Amino acid sequence: MTTVGIDAIEIRTGKLQLDLAETFAPAQDEDPGKYTKGLGLHVSSFPDVYEDIVTMAANAAHRLMERKGLTPDDIGRIDVATESAFDNSKPVSTYVAGCLEQVYDDDFHHANKGERKFACIAGTQSLDDAYNWIRAGRNRGRKALVIATDTALYARDDPGEATQGAGAVAMIVDEDPDFVELSTDQGFGSADETDFLKPNQQFPSVDGKRSMKVYLARMREAMEDLERAGVELHPDDFALIPFHTPFPGMVRKAAALGYRHVCRDTDVELELAEEIGRQPRREEFKTQEQFFDAIEEYTDALTETERYEDWYADTIEPTLEIAREVGNWYTGSVHVARVAGLKHALEHDRDLTGAQLLVASYGSGAQAEIHAETVADGWKAEIEALNVDDQLDRRYDISFEEYERIHDVHNHDTDDYADVEELTTPSEEFVFDGWGRMGERKYRYVR
Ligand code: HMG
């Protein structure tokens, strides 16, 4: 059977950065350690005045298509995943196609375009859609362009403000992929939850603490569902485990839960038992509360063992390296984590060709998906082709006053941004160019 997966990938960050320890923490009268150590974040990416979900998506897709020598004729489908859309009818993918058509001779009139919504997990759902379309044989030799793009903004002074970010990830999904092969091994955990939502409003209503519990509960369900599908999960079987990363501290908690879960009744639990005892079992406790306390104590001891620390350093930590510097990109976040892990592997001469990845996606509202992937032969060349370090280094570092203005510029409810000067100079990229007669957003390519 022909393999299907991600053939190529591009990342586009917003061109501004807010330093959380140096700039945000003092303005909020908070200890910088809350951000850098507690949440695990150093910097957030923000869009400049002329950037938005469309420009970031189109710029990522353009670089990807140029690099792979593709034109619109090669693409049969454009799926955009976002939770920052500004139109309840016309999908962002049409705007992205409109941008790209400005720089290519052919067009996307033949391509099926859509927009996927389920909080942050929509990016992975769009990959699944593209995979299914190709597997079903409906692609007629064409590739799918899948883009995850968001400006993850919270209302000012919301606790989530520290986790903001902005960026896009564009992926080509194709047969015989160069980057990673997707598999049919998938597990889901899904429930009607009200932990984070945007009921016809731009900024989320969030119950932050509860959202963390819901994240962990759905991840556990997804693991159990994957096991029901016959997949045996052993922690040493996966070279990297990229998680949806709202902030690295969340992944720290999820990784500990996952490790504990998959080690139960394995050689690893037995080996660790000599040091920290066996995992607590529900039947050994009179009350649920006593059981939870024992689990918490065991987890604390587990995460301090050398075995766990080594596993975490190899399998999880590398996937967080970009997130620390950009914040939460919502739909793009787990795909940034995959890139970060493979980039770290390349930089440390770790040959992962043929290795297994376990990708753990999540979206509030809420749903988790865990699936397995295999690293394909061309992964090194794909990672080498990225210019992510260069983009991160070139970001303009905003002061707190500039941050306040930029937050207003991207707030759909304020209209006093017309006079706000851009902080960077656009070059060879798509930019926002004002509104059209029907309230549509307009874009142009700056040479
Ligand atoms: P908070 O309540 O302001 O922070 O916001 P906190 O007081 O809980 O501190 C955070 C951590 O820093 C804690 O660590 C503190 O102990 C530690 P923990 O106890 O959790 O391990 N800390 C320090 N550490 C070192 N030095 C210090 C220090 N001070 C404190 N000086 C919260 C935290 C996550 C609630 C907030 O940021 C928030 O509401 N975020 C938005 C919601 C979110 O990201 N939820 C995550 C799960 S849901 C999800 O991932 C989906 C999402 O991406 C949306 C989607 O799917 O579309 C959000």
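Me: Why is Cys263 called buried or exposed here, and on what value does that rest?

Reply: Cys263 has a relative accessible area of 2%, and buried means under 20% relative accessible area, exposed over 50% and partly exposed in between, with a 1.4 Å probe and protein chains only, so Cys263 counts as buried. This is a predicted model, in which local features need pLDDT of at least 70 and side-chain atom pairs count only at pLDDT 80 or more, while totals for chains, interfaces and linings use all residues. Residues are numbered from 1 along each chain as its sequence is written, and side-chain values use heavy atoms, with hydrogens and water left out.

Me: What makes Cys99 buried or exposed?

Reply: The relative accessible area of Cys99 is 1%, and Cys99 is therefore buried.

Me: How many disulfides does the structure hold?

Reply: A disulfide is a pair of cysteine sulfur atoms within 2.5 Å, and the structure holds zero of them.

Me: Why are helices H1 and H2 called oblique, rather than roughly parallel or roughly perpendicular?

Reply: Helix H1 (residues 20-28) and helix H2 (residues 32-39) pack at an angle of about 125°, with their axes 7 Å apart; the axes are lines fitted to C-alpha atoms, for helices over the stretch in contact, and angles run from 0 to 180 degrees between N-to-C directions. Angles under 35 degrees count as roughly parallel, over 145 as roughly antiparallel, 65 to 115 as roughly perpendicular and the rest as oblique, so H1 and H2 are oblique to each other. Helices (H or I, at least four residues) and strands (E, at least two) are DSSP runs, numbered from the N terminus.

Me: Which residues of H1 and H2 meet?

Reply: Leu20, Ala21, Phe24, Ala25 and Gln28 in H1 are in contact, meaning heavy atoms within 4.5 Å, with Pro32, Tyr35 and Thr36 in H2.

Me: In which sense do strands E2 and E3 pair?

Reply: Two strands pair if DSSP finds at least two bridges between them, and E2 (residues 16-19) and E3 pair in the antiparallel sense over four bridges, with Leu18 standing opposite Ser44 in E3.

Me: Why is Asn59 called buried or exposed?

Reply: Asn59, whose place is in helix H3 (residues 53-67), has a relative accessible area of 6% and is therefore buried. Leaving aside neighbours within four places in sequence, Asn59 is in contact with Arg12, Glu429 and Phe430.

Me: What makes Thr124 buried or exposed?

Reply: Thr124 has 0% relative accessibility and so counts as buried. Thr124 is found in helix H5 (residues 122-135), and, not counting residues up to four places away in sequence, Thr124 touches Val334, His335, Ser361, Glu369 and His371.
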